[in-house]
Amino acid sequence: MNVKQTTPRVKNRQVVKPIIYGSYAQPLIQKSPQGHTHEWIVFVRGADGENISHYVKKVVFKLHESFEVPTRAIESDPFEVRESGWGEFEIAIKIHFADPAERSVTLYHGLQLYSKDDTQLVGRMPIRAEKYDEIIFNEPT
Ligand SMILES: O=C(Nc1ccc(C(=O)N2CC(c3nccs3)C2)s1)[C@@H]1CCCN1
């Protein structure tokens, strides 16, 4: 009996990429001449340390417009911006993908320089403000 063998079509399947984004901040030992009180870093990274540059082409961090160069495009791992300042504000984080067919994704992060609860932090303990999220790609059939 002649049975036609067909290649099994892969249905639309999802590829889920876990990421962590956020900021770490630490008080400066002394206020800078510009009045900066903290140093901080804002970042996007793969959860469990995965190298996201396999599927991320660049990450654009949009800082407050009072920064000298408020728009920072980072085109290779580590996708982070290291800065200093005196206050907390929202940072837009736009992730552009290596696959030109994939639309970019924008996340928003409130830079945190101070502890949210009333624990009086001893010394220069860093303030970690991190969020877990997932980038979901729909694989074509
Ligand atoms: O703080 C806040 N907004 C901030 C915007 C920019 C900040 C900052 O840290 N910097 C600008 C950059 C400069 N350095 C020298 C010249 S411009 C260092 S803070 C708000 C105000 C109320 C609550 N939070």
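**Figure 1. The nonpolar core.** In this predicted model, the largest nonpolar core counts 26 residues, and Trp-40, Val-44, Ile-93 and Ile-95 are the ones with the most contacts inside it. Core here means a set of buried Ala, Val, Leu, Ile, Met, Phe, Trp, Tyr and Cys residues joined through side-chain atoms within 4.5 Å. Buried is under 20% relative accessible area, exposed is over 50%, and partly exposed is in between (1.4 Å probe, protein chains only). S1, S2, S3, S5, S6 and S8 each chip in at least two residues of this core, and S6 gives the most, with 4 residues. Strands are DSSP runs of E, at least two residues, numbered from the N terminus.

A quick note for all the views: residues are numbered from 1 along each chain as its sequence is written, and side-chain values use heavy atoms, with hydrogens and water left out. Since the model is predicted, local features need pLDDT of at least 70 and side-chain atom pairs count only at pLDDT 80 or more, while totals for chains, interfaces and linings use all residues.

**Figure 2. Around Val-44.** Zoom in on Val-44, one of the core residues with the most contacts. Leaving aside neighbours within four places in sequence, Val-44 touches Ile-19, Ile-20, Tyr-21, Ile-52, Val-59, Phe-61, Phe-79, Ile-93 and Ile-95 (contact: heavy atoms within 4.5 Å). Phe-79 turns up twice in this view, being also the bridge partner of Val-44 in S5.

**Figure 3. The four-stranded open sheet.** The strand order is S5-S2-S1-S8, with antiparallel pairing. Two strands pair if DSSP finds at least two bridges between them. S5 and S8 are the edge strands, each pairing on one side only. From one strand to the next, the twist averages 15 degrees; the axes are lines fitted to C-alpha atoms, and angles run from 0 to 180 degrees between N-to-C directions. Going through the pairs, S2 and S5 share 7 bridges, S1 (residues 13-27) and S8 (residues 127-139) are joined by 13, and S1 and S2 (residues 38-46) by 9. Strands of a sheet pair through backbone hydrogen bonds, either parallel or antiparallel.

**Figure 4. Gly-22 with a partner on each of two strands.** Follow S1 to Gly-22, which stands opposite Phe-43 in S2. In S8, the bridge partner of Gly-22 is Glu-130. Glu-130 comes back in the next view, where its side chain meets that of Arg-128.

**Figure 5. The salt-bridge network at Glu-130.** Arg-45, Arg-128 and Glu-130 are linked in a network of salt bridges. A salt bridge is a side-chain nitrogen of Lys or Arg within 4 Å of a carboxyl oxygen of Asp or Glu, and by this rule the count comes to 5. For Glu-130 and Arg-128, the N to O distance is 3.4 Å. Glu-130 is partly exposed, at 35% relative accessible area, whereas Arg-128 is exposed, at 54%.

**Figure 6. Two salt bridges involving S5 residues or their neighbours.** The side chains of Arg-72 and Glu-83 meet at 2.8 Å, N to O. Arg-72 sits in S4 (residues 71-74) and Glu-83 in S5 (residues 79-85), so this pair ties together parts that are 11 residues apart in sequence. With 17% relative accessibility, Arg-72 counts as buried. The view also takes in the salt bridge of Glu-80 with Arg-82, at 3.7 Å, N to O. Here Glu-80 is partly exposed, at 26%, and Arg-82 is exposed, at 63%.

**Figure 7. Aromatic pairs.** The count comes to 6 aromatic pairs. Rings of Phe, Tyr and Trp (its six-membered ring) pair if their centres lie within 6.5 Å; planes under 30 degrees apart are stacked, over 60 edge-to-face, and the rest tilted. Trp-40 and Phe-67 go edge-to-face, 5.9 Å centre to centre and 80 degrees between the planes. They link distant parts of the chain: Trp-40 is in S2 and Phe-67 in the loop between S3 (56-62) and S4, 27 residues apart. Both of these residues, Trp-40 and Phe-67, are buried. Phe-97 and Phe-137 also form an edge-to-face pair, with 5.1 Å between centres and 85 degrees between planes. Phe-97 belongs to S6 (residues 90-97) and Phe-137 to S8, 40 residues apart, and both are buried. Finally, ring pairs link Trp-40, Phe-67 and Phe-89 into a cluster.
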